[in-house]
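Me: Can you walk me through the ligand site and the cysteines here? I'll ask as I go.
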Amino acid sequence: MENIAFIGLGNMGGPMAVNLLNKGFKVDAFDLSPEALSKVAAAGGRAASSATDAAKDAGVVISMLPAGKHVASLYLGDEGLFAKLPKGTLIIDCSTIDAGTARQVAEAAQARGLSMLDAPVSGGTAGAAAGTLTFIVGGAADDLSRARPVLEAMGKNIFHAGGAGAGQTAKICNNMLLGILMAGTAEALALGVKNGLDPKVLSEIISKSSGRNWATELYNPWPGVMENAPASRNYAGGFMSELMLKDLGLAEETALQSHAANPLGALARNLYEEHVHQGHGKLDFSSIVKYFHTVN
Ligand code: NAD
């Protein structure tokens with residue numbers, strides 16, 4: 001079993017690192033937030049003093065950071081980890097970032113004799129805690145084979161999307177659709193409630209009808225409809241609206257660069273832009289339902 005350095009222990013990375021520990025991996029962990037670090041230390045991880053310290057005995061380095069700029073600054077440059085890791089180290093970046101940065105980082109890794117996979121995840125914080133994430137991987141097949149036992153300790157489905165950056169492209173397509181469907185679900189529920197329907201009854205009807213989707217089945221945005229959904233705990237935890245806005249922006253940039261039409265993705269991005277501007281950036285993205293309260 002390879003020693004693992006885990007960098008970025010937030011809503012997703014924290015429970016993922018704990019699952020590795022529970023499956024018997026040795027985890028040296030680092031996060032800028034002492035609070036996030038202490039949770040993983042309490043589960044048996046070593047609290048490292050820096051990313052370099054975390055990686056000093058690692059065969060595999062995993063990162064789970066907010067955006068591309070955090071990933072680039074962790075790995076690249078004279079002070080970056082790549083300058084310090086021994087040849088042969090496998091790096092698995094699970095953050096959702098733009099495919100261009102993912103490819104740039106993968107090329108820099110290759111130039112130093114390191115192996116790199118982009119492996120963004122789907123499944124949310126519940127999937128991270130339960131160890132049932134879906135990994136969407138870009139990179140070389142050999143590197144994925146080596147990563148498999150590590151990924152299997154944190155997830156259930158592992159897809160090889162293609163070469164470096166392909167995992168990010170697939171993930172961004174998925175999340176653009178997620179943003180669209182969450183906004184659409186919120187709009188439909190708000191319309192029903194405004195016209196006298198019980199949100200629970202309407203959600204049950206939609207879940208058994210042609211409008212059913214991931215939100216109505218597992219992540220209902222209306223407070224009180226689903227006990228375990230962020231909506232029923234004031235939208236705390238989960239997947240922050242500002243991160244959804246980031247992903248919708250990545251989808252838009254990808255569409256611009258490839259001259260693809262994404263009118264619904266662009267609309268969803270504008271809704272989330274407004275939502276975040278109204279101060280809801282730290283709330284789970286299902287809080288987009290508040291937007292429909294404001295306009296109704
Ligand atoms: P988060 O903000 O909860 O966690 C990010 C963590 O990274 C924070 O604890 C922060 O302190 C730490 N960090 C930032 N820069 C650092 C650095 N240089 N060194 C060490 N630690 C650093 O975010 P999250 O919800 O865990 O999301 C992480 C990534 O996963 C994002 O790219 C997000 O888009 C993606 N994602 C999130 C979800 C979700 O449901 N939350 C689902 C799928 C994918």
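Reply: I count a residue as near the ligand if one of its heavy atoms lies within 4 Å of it. This is a predicted model, where local features need pLDDT of at least 70, side-chain atom pairs count only at pLDDT 80 or more, and totals for chains, interfaces and linings use all residues. Residues are numbered from 1 along each chain as its sequence is written, and side-chain values use heavy atoms, with hydrogens and water left out.

Me: How many residues surround the ligand, and which are the closest?
Reply: The ligand is surrounded by 24 residues, the closest being Asn11, Met12, Asp31, Leu65 and Pro66.

Me: Where does the ligand lie relative to domain 1 and domain 2?
Reply: Between them, because domain 1 (4-163) and domain 2 (169-292) both give residues to the shell. Those bounds come from an automatic or database domain assignment.

Me: Which polar atom of Asp31 lies 2.6 Å from a ligand oxygen, side-chain or backbone?
Reply: A side-chain one. At Pro66, a polar backbone atom is 2.9 Å from an oxygen atom of the ligand. A polar contact here is a pair of N or O atoms within 3.5 Å; within protein, one must be able to donate a hydrogen and the other to accept it, and residues adjacent in sequence count only if both atoms are side-chain atoms.

Me: New topic. How many disulfides are there?
Reply: Zero in the whole structure, a disulfide being a pair of cysteine sulfur atoms within 2.5 Å.

Me: Why no bond for Cys94?
Reply: Because the closest cysteine sulfur, in Cys173, is 19 Å from the sulfur of Cys94, too far for a bond.
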